[in-house]
Amino acid sequence: MENEFPPEPNSAKKGRAMIALDDGDDDEVLSPTDLSELLAEGTKEAHDRAENCQFVKDFLRGRIKRELFKRGTAALYFVYSAMEEEIEKNKDHHHIAPIYFPAELHRCEALAQDLEYLYGEDWENRISLSAGTKPYVDRIHEVGEKDPMLLVAHSYTRYMGDLSGGQILKKVAQRALKLPSTGEGLNFYQFEGIHSHKGFKQLYRSRMNELELDAETKDRIVEESNRAFGFNMMVFTELEELGKTIKEEVQDAGFGHSHAEMMEGGDINKCPYYAAKMAVSGNPTHVCQLAMTLLRHPPCQVVLAAWMAVLAGFTAWYFM
């Protein structure tokens, strides 16, 4: 069934067609001065820094402690509670109304379900606002009260990220923590009200770009989005430090990550693709290294064992 969205503002009807929610729709017309383009370019460095936090890199490699995942989910709950409370208060504000999509985007209910699964029925008594998350929550409330227009930055930073990279994190967490395939503990990443992530993101960007904002205001939104990335990094850093104190065996997602995931922050010499390339060059050191690298992975061990069995059988037949 087709999703129903808030009516398009009148300004959006002038000179730009309504974006259809179809993965094959590539007709989005963008200008360098559009807010979505200014945000993408203006937050690129902050985005890269956030992605390269050790906590995020470990997460992407599937090396995540269950307790840290629980604490991270709790942090998200407090952030989204604040953001959605302020968005709800300001839903009629002329800069918020066009991007007000509670049924499609709001995450509080989904996070509450995840926390109940992770902590039990008394989850509300078992979580608390951490020192690393509090500045983020306080800033969102401050913006909602004093300058609601800047909620556009916080909404964009969180929701668009959840619809993009968040989907990768969902798969990694499910595999690494052995969470049920039915989705318990991962409702946060599941947007039931959105049929097409790509199409919805195009619609959201279109609504943002039609907001009546001057250049100075757009710059302030970009600056606030960078602050939001900084707050997220504070949460990641806190979780990373907490992880050093938790005596819990890391559940390894095992072999099967992409090349990019294996390379993310790791030792290049441990990458089988790199070792193979160097072995081809004839360097005996790298030939040995390739053999050792491949032997670290279970599939390669199975293949080697099979070859050994075949060789042993052939040898036994030869000497009969």
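This passage looks at the nonpolar core and the salt bridges of a predicted model.

The core comes first. The largest nonpolar core takes in 72 residues, and helix H4, spanning residues 66–89, supplies the largest share of them, with 11 residues. Within this core, Phe69, Leu105 and Ile221 are the residues with the most contacts. What does phenylalanine 69 touch once its neighbours within four places in sequence are left aside? The list of partners starts with Phe59 and Ile64, goes on to Leu118, Ala173, Leu177 and Leu179, and ends with Gly185, Leu186 and Tyr189.

Now for the charged side chains. Across the whole structure, the search turns up 13 salt bridges. Three of the pairs are worth walking through one at a time.

Take helix H2 to begin with, which covers residues 44–51. Here lysine 44 and aspartate 48 pair up through their side chains, with an N to O distance of 3.4 Å. The two residues sit about one helical turn from each other, because they are 4 residues apart in helix H2. How open to the outside is this pair? Aspartate 48 has 31% relative accessibility, so it counts as partly exposed. Lysine 44 is also listed as partly exposed, at a relative accessible area of 47%.

Helix H4 has a pair of its own: the side chains of glutamate 85 and lysine 89 form a salt bridge, at 3.3 Å from N to O. Again the spacing is 4 residues, about one turn of the helix. Lysine 89 comes out as exposed, since its relative accessible area of 58% is over the 50% mark. Glutamate 85 has a relative accessible area of 36%, which puts it in the partly exposed class.

The third pair lies in helix H9, which runs over residues 151–163. Arginine 158 bridges to aspartate 162, and the closest N and O atoms are 2.9 Å apart. Along helix H9 these two residues are 4 places apart, or about one turn. Are arginine 158 and aspartate 162 buried or exposed? Both residues are buried, meaning that each has under 20% relative accessible area.

Salt bridges can also join up into something bigger than a pair. In this model, Glu67, Lys70 and Arg71 are linked in a network of salt bridges.

Methods: Residues are numbered from 1 along each chain as its sequence is written. This is a predicted model: local features need pLDDT of at least 70, side-chain atom pairs count only at pLDDT 80 or more; totals for chains, interfaces and linings use all residues. Side-chain values use heavy atoms; hydrogens and water are left out. A nonpolar core is a set of buried Ala, Val, Leu, Ile, Met, Phe, Trp, Tyr and Cys residues joined through side-chain atoms within 4.5 Å. Buried means under 20% relative accessible area, exposed over 50%, partly exposed in between (1.4 Å probe, protein chains only). Contact means heavy atoms within 4.5 Å. A salt bridge is a side-chain nitrogen of Lys or Arg within 4 Å of a carboxyl oxygen of Asp or Glu.
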